[in-house]
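Work through the exercises below with the structure open. Try each task before you read its solution.

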Amino acid sequence: MSASAIEAHDLVKTYPGGRGRPDVRALDGLTLTVPAGTVHGLLGPNGAGKSTTTKVLTTLSTPTSGAARVAGQDVIREPGQVRRRIGYVSQGTGADQLLTPRENLVMAARLRGLGRAAASARAAELVDRFGFAEYADRGAATLSGGTRRKLDVALGLVGSPHVLFLDEPTTGLDPEARAAMWDEIRRLSGEDALTVLLTTHYLEEADRLADGLSIVDRGRVVAAGTPDELKATLRGDTLTVDLVEPDADLVRRVAGAVPGLDEVLVHVEGPAGRLVARTPDGPMLVGPTIAALQSAGVRHGAVAVSRPTLDDVYLRHAGRSWTSAETVEVAR
Amino acid sequence: MSAATAGWGTQLDQVTRRWVTDAIRQPWGLGVAIVQPVIWIVLFGNVFQSVAQVPGFGHDDYLTFLVPGILMMTVLYSGAWAGTGFIEDIRSGVMDRLLSSPVSRSALVLGQLVQQLMICVVQGVMVLAIGALAGAHYSGGAVGMAVALGASVLLAAAFCSVSAAVALLARDQTALIGISTIVVLPATFVSTALMPAQLLPDWVATAAKLNPLTWATSVAQTAMSPDVDWGLVATRSLWLTALAAAVAWWSLRAMRSYQRSL
């Protein structure tokens, strides 16, 4: 078996636009390599192509062009072989709500060829491992959001996959359930030979869980590396100034003129706004920046200097889509 | 060592079990499926009672004539909703999970069909029992009743597959409402389910001959009558089988078409 659990090359996926509208290009030459045994994060805004990538790699969807291998098998030529080696946890629930969690797990195991006894044992093992024994024999519809999501992940693991796909596993969960899910995913990544591909739009989630990251925007990977590598590409600090009823153009002009302030972003939302800029030396530039803003009559709130976070990496590569194009403009 | 995949028989069995369990856990749905034919037998049986006195009716009493028709109507009216489960699965994400696992597409489609046919048999037995209680005579005995149920299963296989195919192609519950109002209701009246052919207007009688509901009804009517026309039973059963096979094949194609749309 090759060292890469996932190799996707130049994937393109277009959907018909319908009613005379142009085709939608969900994937536009996406290339991705994930080493076996790692957790890889696909990070990007909604509509960036994360879910489409997952659908292609799990054989649900056929790419318009390009090639991909998962667990050593070609997703287009050998979809059956891929399906035997993967688990897929979609954004929706994978569980039949009228069955109990245990019944769902047993059925999934039987469909994957386990005998009656082996399937029961496998279900019991997963119930135990994910700690929902007390809910295992109630209707799945009565489970809390967090437990339901654990059941979804357990269903993905029934077939002891080589590669597990988690499509936004924590979206819609409360913070406590999210933290619990993170623990589970971290635990999974410790297991030998399991590769996890995780899509998320939570930067914190990607930073905590992923060994490797690909930032996806408009159907392509726009940046890739470990979280630390990606952060290291941004030297210096981030300077953030909260603004009150700002005139975006004015702020951009004023801040852009401050020597040492780069990549100025102004983000306006209702009456509030925010100036985000990169600088080689944050603390030294707080004074000049504030002075420039005040002399231009811009009202401001809190000022902060921070080390690069994944947020900044993300903003830099996918910033246009992060919020709508009208509110964020990059001045270089 | 990773698990491979189950044999096709096991897959079909598991998928069928899942749908049967789902049906049992929705007692309201099952209850309606059983109460509906009761209401029809009582209602139509009383409203149309006097039809038996019309010259040329050709049967002794209307109720005995009516039961085979109600049997087949029941199949049509519940079968129209057979695709609902697929729409729900597509919406929830269960379908995506199943399609990304090593499960045969035909097992997914046919497993659900088998469950529908099981419900159809339960409903059919109820219809015959209630008809008997209301005073219908089944001269054909156990064999006649079995043949009638067999015809209803063939009709159900065809019609539930239509519903499944439409569900997988349209992925919208309203499309199924369309089937039930635009197809099922007219089909009921352009058939010999409620009225013998000789009392129908000419054009309706002609159209009714092409209606699978008529084929199934005639099989059940003759099979439960004192002198069975086995030739009629054989030809109509053959037609129904061919139709069911063709539509089941279409529903399998619809499953593939759904996947291509992803």
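**Exercise 1. Domains of chain A**

Task: Find how many residues each domain of chain A brings to their contact, and what kinds of residue domain 1 brings.

Solution. This is a predicted model.
- Step 1: set the bounds. Chain A is split into domain 1 (4–225) and domain 2 (232–331).
- Step 2: place the centres. The C-alpha centres of domain 1 and domain 2 of chain A are 36 Å apart.
- Step 3: count the contacts. In chain A, 11 residues of domain 1 are in contact with 8 residues of domain 2.
- Step 4: find the elements on the domain 1 side. Helix H7 (203–209), strand S9 (212–217) and strand S10 (220–225) of chain A each supply at least two residues. H7(A) gives the largest share, 3 residues.
- Step 5: sort by kind. The domain 1 side has 8 nonpolar, 1 polar and 2 charged residues.

**Exercise 2. Where the chains meet**

Task: Which element of chain B gives the most to the side that touches chain A?

Solution.
- Step 1: count both sides. Chain B brings 26 residues into contact with 31 residues of chain A.
- Step 2: list the elements. Helix H1 (8–24), helix H5 (94–99) and helix H11 (230–261) of chain B each supply at least two residues to this side.
- Step 3: pick the top one. H1(B) gives the most, with 6 residues.
- Step 4: sort by kind. The side of chain B that touches chain A has 8 nonpolar, 12 polar and 6 charged residues.

**Exercise 3. The build of chain B**

Task: Compare the radius of gyration of chain B with the globule rule.

Solution.
- Step 1: count the elements. Chain B has 11 helices and 0 strands.
- Step 2: compare. The radius of gyration of chain B is 19 Å, and the globule rule gives 18 Å for 262 residues. The two values are close, so chain B is as compact as a globular protein of that length.
- Step 3: add the spans. Along its principal axes, the C-alpha trace of chain B covers about 75 × 35 × 35 Å.
- Step 4: check burial. Buried residues make up 47% of the 262 residues in chain B.

**Exercise 4. Helix H2 of chain B**

Task: Test the length of H2(B), then find what its buried residues pack against.

Solution.
- Step 1: predict the span. Helix H2 (residues 27–47) of chain B has 21 residues, so at 1.5 Å a residue it should span 30 Å.
- Step 2: compare. The end C-alpha atoms of H2(B) are 30 Å apart, which agrees.
- Step 3: name the buried residues. Pro37(B), Ile41(B) and Gly45(B) are buried in H2(B).
- Step 4: recall helix geometry. An α-helix has 3.6 residues a turn, so residues three or four places apart point the same way.
- Step 5: find the partners. The buried residues of H2(B) pack against helix H3 (62–79) and helix H6 (105–134) of chain B.

Technical notes. Residues are numbered from 1 along each chain as its sequence is written. Chains are lettered from A and ligands numbered from 1 in the order in which they are written. This is a predicted model: local features need pLDDT of at least 70, side-chain atom pairs count only at pLDDT 80 or more; totals for chains, interfaces and linings use all residues. Two residues are in contact if their C-beta atoms, placed from the backbone, lie within 7 Å. Helices (H or I, at least four residues) and strands (E, at least two) are DSSP runs, numbered from the N terminus. Ala, Val, Leu, Ile, Met, Phe, Trp, Tyr, Cys and Pro count as nonpolar, Asp, Glu, Lys and Arg as charged, and the others, Gly among them, as polar. The radius of gyration is taken over C-alpha atoms; the globule rule is 2.2 Å times the number of residues to the power 0.38. A residue is buried if 20 or more other C-beta atoms lie within 10 Å of its own, exposed if 12 or fewer, and partly exposed in between; C-beta atoms are placed from the backbone. The expected span of a helix is 1.5 Å times one less than its number of residues. Domain bounds come from an automatic or database domain assignment.
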